[in-house]
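Dear colleague,

I am handing over the structure we spoke about, and I would be glad if you could look through it before you read my notes.

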Amino acid sequence: MSVVPRLPRPFWRWARALAGVAVLALLLRQVGGGPFVAGLRLIDGPALAVALGAGLLTTVCAAWRWRLVAGGLGVRLPLGAAVARYYRAVFLNATLPGGVLGDVDRAVRHGRDAGDLGRGVRAVVWERAAGQAVQAVIAVVVLAAFPSPVRPYLPAAVALLAAGAVGAVLLARAAPRFGASAGARALRAAVADVRAGLLARRTWCGVLLTSAAVVAGHLATFLVAARTAGATAPLSRLLPLTLLALLAMGIPLNVAGFGPREGVAAWAFGAAGLTAAQGVATATVYGVLVLVSSLPGAVVLLARRRPGPVTRPARPERLTA
């Protein structure tokens with residue numbers, strides 16, 4: 001019986017970063033560096049202002065969603081602390097390879113601060129999963145309503161999503177009947193987390209609304225990036241293309257946020273009758289706008305690293321006779 005060797009985590013980190021570099025290198029070979037440079041030159045003050053405002057909206061809504069999920073799992077998380085930690089995570093995601101290290105950081109820090117590392121990590125995992133699920137549903141609706149390069153494949157995608165949802169429901173119903181194995185316990189814990197953290201009466205509506213607001217903020221920023229990059233196509237034509245690029249951002253194969261997003265944008269814009277260069281320029285502008293909107297996270301990061309004032313115990317007063 002052969003044993004498959006398990007690759008170390010650093011290998012996968014480097015592999016993800018190299019994959020992002022490979023995507024960027026392929027784009028440079030196909031369209032050259034002109035679209036990247038043009039995207040940077042076209043950024044102006046109004047676009048940066050919109051990015052900062054949209055970043056504030058999306059970060060506060062995402063932090064509120066995180067707080068709701070954490071509260072459902074029994075982990076306390078004040079909204080102010082959630083916003084500060086989410087800003088820090090967004091900044092780290094936008095500047096470090098992979099695009100998920102900021103979420104790992106906030107999950108571990110929150111779990112340690114709350115005294116329950118497991119629940120802190122699971123709260124972040126379910127919060128992110130809820131956001132991705134709502135974004136996927138919105139993407140299916142938008143892609144079905146407007147023409148896009150993936151429209152012919154949409155029925156198959158919907159069928160896969162429906163099959164996955166039905167499978168998840170069946171597993172959730174069968175979980176109590178499973179045995180005492182590690183897999184069975186993990187499945188029961190996941191079902192309990194979803195019921196308490198996502199589907200509870202006091203949670204699900206807030207999670208849905210905040211997730212929709214986050215997607216709307218990202219879409220608005222991407223549309224501003226498209227207009228800034230010179231795209232003059234109507235919004236009904238740009239909206240599905242921006243959603244495809246946003247979905248690509250969920251792939252953890254990027255370098256400081258750049259990689260699959262630019263590749264999918266180039267393909268989507270080209271397949272929709274626009275140009276691949278315009279797609280790359282739009283994605284480049286969007287990447288810069290996201291980085292600028294995450295700069296409050298850098299302030300949070302620096303403030304946390306700055307040592308606080310050293311307090312010394314007061315000397316006891318001498319008693320005078």
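Below I set out what was found, beginning with the chain as a whole and then turning to one pair of helices and to the cysteines.

Please keep in mind that this is a predicted model. The secondary structure of the chain comes to 13 helices and 0 strands, so that, reading from the N terminus, you will meet one α element after another. Of the 321 residues in the chain, 40% are buried. If you take the contacts in the chain with a separation of 6 or more, 67% of them come from residues that lie 24 or more positions apart.

The pair of helices I looked at is α3, residues 45-72, and α4, residues 79-95, whose axes come within 8 Å and cross at roughly 120°. Angles from 65 to 115 degrees count as roughly perpendicular and those over 145 as roughly antiparallel, and α3 and α4 are therefore oblique to each other. The crossing in which α3 passes α4 is right-handed. On the side of α3 the contact is made by residues including Gly55, Leu56, Trp64 and Arg67, while α4 contributes, among them, Leu79, Val83, Arg85 and Tyr87. Sorted by character, the residues of this contact divide into 11 nonpolar, 2 polar and 3 charged.

As for the cysteines, the count of disulfides, taken as pairs of sulfur atoms within 2.5 Å, comes to 0. Cys61 counts as buried because its relative accessibility is 13%, whereas Cys205, at 36% relative accessibility, counts as partly exposed.

With best wishes

Note on methods: Residues numbered from 1 in each chain as written. Predicted model: local features only at pLDDT ≥ 70, side-chain atom pairs only at ≥ 80, totals over all residues. Heavy atoms only, no water. Axes fitted to C-alpha atoms, helices over the stretch in contact; angles between N-to-C directions. Helix = DSSP H or I, 4+ residues; strand = E, 2+ residues; numbered from the N terminus. Parallel < 35°, antiparallel > 145°, perpendicular 65-115°, else oblique. Left-handed = near helix turned anticlockwise from the far one by under 90°. Contact = heavy atoms within 4.5 Å. Nonpolar A, V, L, I, M, F, W, Y, C, P; charged D, E, K, R; others polar. Buried < 20%, exposed > 50% of the residue type's maximum accessible area, 1.4 Å probe, protein only.
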